[in-house]
Amino acid sequence: MNVEQLMRCARAARMDVALAGTEQKNAALEAIACALDAGRDAIKAANLEDVNAARASGMRESLIDRLTLTDKRIDSAIEGVRTLIALPDPVGGEDASVVRPNGLRIARRRVPLGVVGIIYEARPNVTVDAASLCLKAGNVCVLRGGKEAIRSNIALAKIMREAVASVGLPADAVCLCEDTSRDSANAMMNAVGLLDVLIPRGGAGLIRAVVENAKVPVIETGVGICHIYCDKGCDHRMAIDIVENAKCSRPSVCNAAEVLIIHSLEAAALLPRIKAALDAKNVELRCDKRAWAILRRSENVKEAVPEDFRTEFLDYVMAVMVVDDVQEAIDEINAHGSGHSESIVTNDYGRARQFQDRVDAAAVYVNASTRFTDGFEFGFGGEIGISTQKLHARGPMGLEALTTIKYTIMGDGQVRR
């Protein structure tokens with residue numbers, strides 16, 4: 001089945017899913033959770049084929065980490081699905097109503113977006129997250145992952161489609177495009193009348209291509225050029241822990257830190273300690289002139305070029321800059337950040353508020369790692385993506401972000417004169 005036929009099948013299923021009650025949607029999610037658990041051996045076998053092929057092709061290890069499905073990650077996916085069951089159904093609730101002087105009762109109701117297309121790269125966990133979130137929000141999804149994860153995605157989609165059908169919902173609530181060529185991506189970008197919205201998840205090149213070329217509405221998600229700023233007088237132990245976590249826990253994800261900024265009064269003492277912590281993962285530091293003057297005799301240190309401060313490395317690489325005050329750090333972040341997640345490590349309440357008020361990003365932290373920008377960590381039960389735009393949705397996109405508004409008006413014969 002080609003991608004246009006697939007989207008037509010999804011379109012035909014959309015009303016059955018949109019009108020499904022909370023109980024039936026939750027039953028489908030529980031069926032998915034049970035089926036993923038029962039099918040984990042098949043999932044891991046398919047994933048191992050993907051990982052072996054990726055490694056043979058020369059994919060770097062940080063990206064292979066994104067591709068890999070372990071028992072722990074399958075358990076996390078199952079937990080994410082079951083978390084959705086416990087969350088309120090966003091569909092159908094009226095969040096505002098008014099009776100006009102002419103007697104018209106106007107209510108605002110949450111309704112599904114409809115058919116949601118997702119184009120993403122080598123992250124098979126997105127297949128489960130996207131399908132389950134769309135389902136709970138009453139949407140049908142058309143998933144188009146990268147070629148590196150195609151075997152994993154086929155195994156996951158098959159399991160979820162059978163689980164959804166087992167509770168009486170159409171299997172086409174979850175549609176996977178097995179064609180991973182550019183032609184299928186272009187077809188989705190031009191699917192006016194078939195897709196209601198298209199969400200790209202991946203690197204800067206993929207997101208830019210979709211935003212610039214799509215004729216259907218697009219929600220732009222997360223290139224993550226995230227910064228950690230270590231302020232004057234900050235707690236050094238806290239700063240080291242936060243930087244190490246934000247850079248090293250999973251460097252290939254969009255909420256990993258890519259740029260370290262340190263106040264000039266702390267740099268001489270703090271920067272070598274941070275480097276010592278990052279050395280455990282052989283993190284390469286690309287330093288501006290002031291940071292280079294401190295670290296130039298160390299291994300894994302290079303002089304930075306301007307492009308390093310606006311690059312999403314997705315690897316064990318970090319740009320480093322020294323500044324003289326918090327406003328200089330804010331200006332750098334607003335100039336070269338991607339609007340994703342930014343953090344300040346500080347003991348000063350005023351500068352913490354200044355940072356949170358003036359940094360233009362979807363998530364702004366004080367004394368915490370940027371790695372928490374995640375729907376599961378925010379209590380949303382996973383997310384369809386991290387939106388870095390300002391229209392419709394921003395930050396981790398949970399259930400409510402996958403709905404829109406319908407106005408329902410009740411009258412008793414009113415006409416406008």
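Here are a few exercises on a predicted model of one protein chain, each with a worked solution.

**Exercise 1. How many helices and strands are there in the protein chain, and how does its radius of gyration fit the globule rule?**

Step 1: Start with the elements; the chain holds 14 helices and 16 strands.
Step 2: Next, take the radius of gyration, which is 23 Å.
Step 3: For 417 residues the globule rule gives 22 Å, and the chain's value is close to that, so the chain is as compact as a globular protein of that length.
Step 4: To picture the extent, imagine a box of roughly 75 × 60 × 35 Å along the principal axes, filled by the C-alpha atoms.

**Exercise 2. Work out what the surface and the charges of the protein chain look like.**

Step 1: The accessible surface is about 18200 Å², and carbon and sulfur atoms account for 49% of this area.
Step 2: Count the charged side chains: 51 are positive and 56 are negative.
Step 3: Compare where the two sets are centred; their centres lie 3 Å apart.
Step 4: Turning to burial, 52% of the 417 residues count as buried.

**Exercise 3. Is His236 buried or exposed?**

Step 1: Find His236 in helix α10, which covers residues 236-248.
Step 2: Read its relative accessible area, 17%.
Step 3: Buried means under 20%, so His236, at 17%, is buried.

**Exercise 4. Which residues is His236 in contact with, leaving aside its neighbours within four places in sequence?**

Step 1: Set those sequence neighbours aside, as the task asks.
Step 2: The contacts of His236 are then Glu266, Ala269, Leu270 and Arg273.

Terms used. Residues numbered from 1 in each chain as written. Predicted model: local features only at pLDDT ≥ 70, side-chain atom pairs only at ≥ 80, totals over all residues. Heavy atoms only, no water. Helix = DSSP H or I, 4+ residues; strand = E, 2+ residues; numbered from the N terminus. Rg over C-alpha atoms; globule rule 2.2 N^0.38 Å. Buried < 20%, exposed > 50% of the residue type's maximum accessible area, 1.4 Å probe, protein only. Areas by Shrake-Rupley, 256 points an atom, 1.4 Å probe, with all protein chains shown as cover. Lys, Arg positive; Asp, Glu negative; His and termini not counted. Charge placed at Lys NZ, Arg CZ, Asp CG, Glu CD. Contact = heavy atoms within 4.5 Å.
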